[in-house]
Amino acid sequence: MERIIRSLLIVFLALGLASCSLFSGDEEEVRKPKTLTEFKPDVELKEVWSKGIGKGVEDSYERLVPSVSGGVIYAVGAQGNVVALNRETGKEIWKKELELPVGGGITADSGMLLLGTLDGHVIALKEEDGSQLWKARVSSEVISSPQTNGRVVLVQSIDDTITALDAETGKALWNQENLQPALTLRGSSTPRIEGQAVFVGLSNGEAKAFRISDGTPLWNSRVSIPKGSSELERMVDIKAEPLIVGDNLFMVSFQGNAAALDMYSGRVRWTRELSSYKSIAEGFGSLYVTDESSYVSSLDQRSGAVSWRQDQLEYRLVTAPATFSSYVAVGDLDGYVHLLSQVDGGMAGRFKAGSSAIKAPPVVSGDYMYVLSANGTLTALKQK
């Protein structure tokens, strides 16, 4: 019964946060997405190809991020339609119908495709033809992307359990359970593998590192401290994938901080007050973050100082950022892709990728950018 109540609270909270993001706390006025204004673009995008891959996420929360490996881009639909496409032409190489409720993005690595499902499974397919290698059950639903170093597969379930699976067989090697607060955002961070360690962000605002081989804890550190009198005010979830640059581990939390930690010890090098549940991008010595109000900010990697902040996309449900050439790319609720200057955050370009919302962050590979819309359409873009 406790588990059922907890699940209902998580779902309720996810719906409530969507409402909260559209209303002000004092006057209960609807916060409408900011109207786009015209500008003279510095760069123009063109569509190279576009293809439907199956049923999209539509109005649900999940973000099914595609993955590129070599000359192929892999994408998955909400009902388990997995496709492999030539990344330059969009020509279909193979297609697989899993008929499963996929919850997270797809990861292509070490000749394998990895994905998680809403019924608590991790599935491994061959990159070559999509044939299934193995299927393993984990503690709860998976709406993040499993990761691998070729020997071990790491997955973080929605209950913040970290599970290690043998990459060849799917056999469980170890797991680490982590205590969650009473209320959390729906979702989980994606583990980050580096060397012999895996780094994770948790719903209680903590960051942890484990040894990949046996799950031994290496360190834990607090990114954000819960504040306030209610469970809602005290939420400090880390849902964004950790980012590693050099020996710095960067994380950001909801209603908390962006932080830089020493990768080896977990020591906090700096923090900056910022609220986000979306992954961080990096470039030009800066970090790029989309906050809960859809402001996109640039933070100095060394100090956390804010270099610029772009507010022209306010409340447009902007995606996590991706760096594309000398620009920062984000998608929005109306299907637009926006390019911001990495130097000053100015609006540099805009492209209408379709009428459906873009929820997954753009995926960049070489001079191509791939955008997956909520209706299941994958579009490849290049600079004109």
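## Aromatic pairs

How many aromatic pairs does the count come to? The count comes to eight aromatic pairs. Keep in mind as you look around that this is a predicted model.

One pair to pick out is F250 with W270, which is tilted: the rings sit 6.2 Å apart, centre to centre, with 40° between the planes. The two residues come from distant parts of the chain, 20 residues apart, with F250 in strand 19 (residues 248-252) and W270 in strand 21. Are these two buried or exposed? F250 is buried, because its relative accessible area is 0% and buried means under 20%. W270 counts as buried too, at 9% relative accessibility. Elsewhere, W49, Y368 and Y370 form one aromatic cluster.

## The nonpolar cores

As a bit of background, nonpolar side chains in soluble globular proteins tend to be buried together. Here, the largest nonpolar core has 32 residues, and the members that touch the most others are Y74, V82, L113, L115, Y370 and L378. Several strands each supply at least two residues of this core, including strand 4 (81-86), strand 7 (112-116), strand 8 (121-126) and strand 32 (377-383). Which strand gives the largest share? That's strand 3, with five residues.

Y370 is worth a closer look, since we've now met it in the core and in the aromatic cluster. Not counting residues up to four places away in sequence, Y370 touches W49, V68, I73, R87, E88, P362, V363, S365, L378, T379 and A380. Apart from the largest core lies another one, of 14 residues, with V337, L339, I358 and M369 among them.

## A buried lysine

Now find K278, in the loop between strand 21 (268-274) and strand 22 (281-283). This lysine is buried, yet it has no salt bridge. Which side chain of opposite charge is nearest to K278? It's D291, and it is 8.2 Å away. A salt bridge needs the nitrogen and oxygen within 4 Å, so D291 doesn't qualify as a partner for K278.

What the side chain of K278 does reach is the backbone oxygen of V318, at 2.2 Å. Leaving out residues up to four places away in sequence, K278 touches A240, V252, T290, L317, V318, T319 and A320.

## Salt bridges

Other charged residues do find partners: the count comes to 16 salt bridges. In one of them, E141 meets R186, with the closest N and O atoms 2.9 Å apart. E141 is in the loop between strand 9 (132-137) and strand 10 (147-148), while R186 is in the loop between strand 13 (172-176) and strand 14 (192-194), so the pair ties together parts that are 45 residues apart in sequence. E141 is partly exposed, with a relative accessible area of 21%, whereas R186 counts as buried at 15%.

D237 and K239 make another salt bridge, at 3.4 Å from N to O. Both ends of this one are tucked away: D237 counts as buried at 0% relative accessibility, and K239 counts as buried at 6%. Then there's D262 with R269, whose side chains meet at 2.5 Å, N to O. D262 counts as buried at 10% relative accessibility, but R269 is partly exposed, with a relative accessible area of 31%. D247 comes into the picture as well: salt bridges that share partners join D247, D262 and R269 into one network.

Technical notes. Residues numbered from 1 in each chain as written. Predicted model: local features only at pLDDT ≥ 70, side-chain atom pairs only at ≥ 80, totals over all residues. Heavy atoms only, no water. Core = buried A, V, L, I, M, F, W, Y, C linked by side-chain atoms within 4.5 Å. Buried < 20%, exposed > 50% of the residue type's maximum accessible area, 1.4 Å probe, protein only. Helix = DSSP H or I, 4+ residues; strand = E, 2+ residues; numbered from the N terminus. Contact = heavy atoms within 4.5 Å. Lys, Arg positive; Asp, Glu negative; His and termini not counted. Polar contact = N/O pair within 3.5 Å; in protein donor to acceptor, adjacent residues only side chain to side chain. Phe/Tyr/Trp six-rings, centres within 6.5 Å; stacked < 30°, edge-to-face > 60°.
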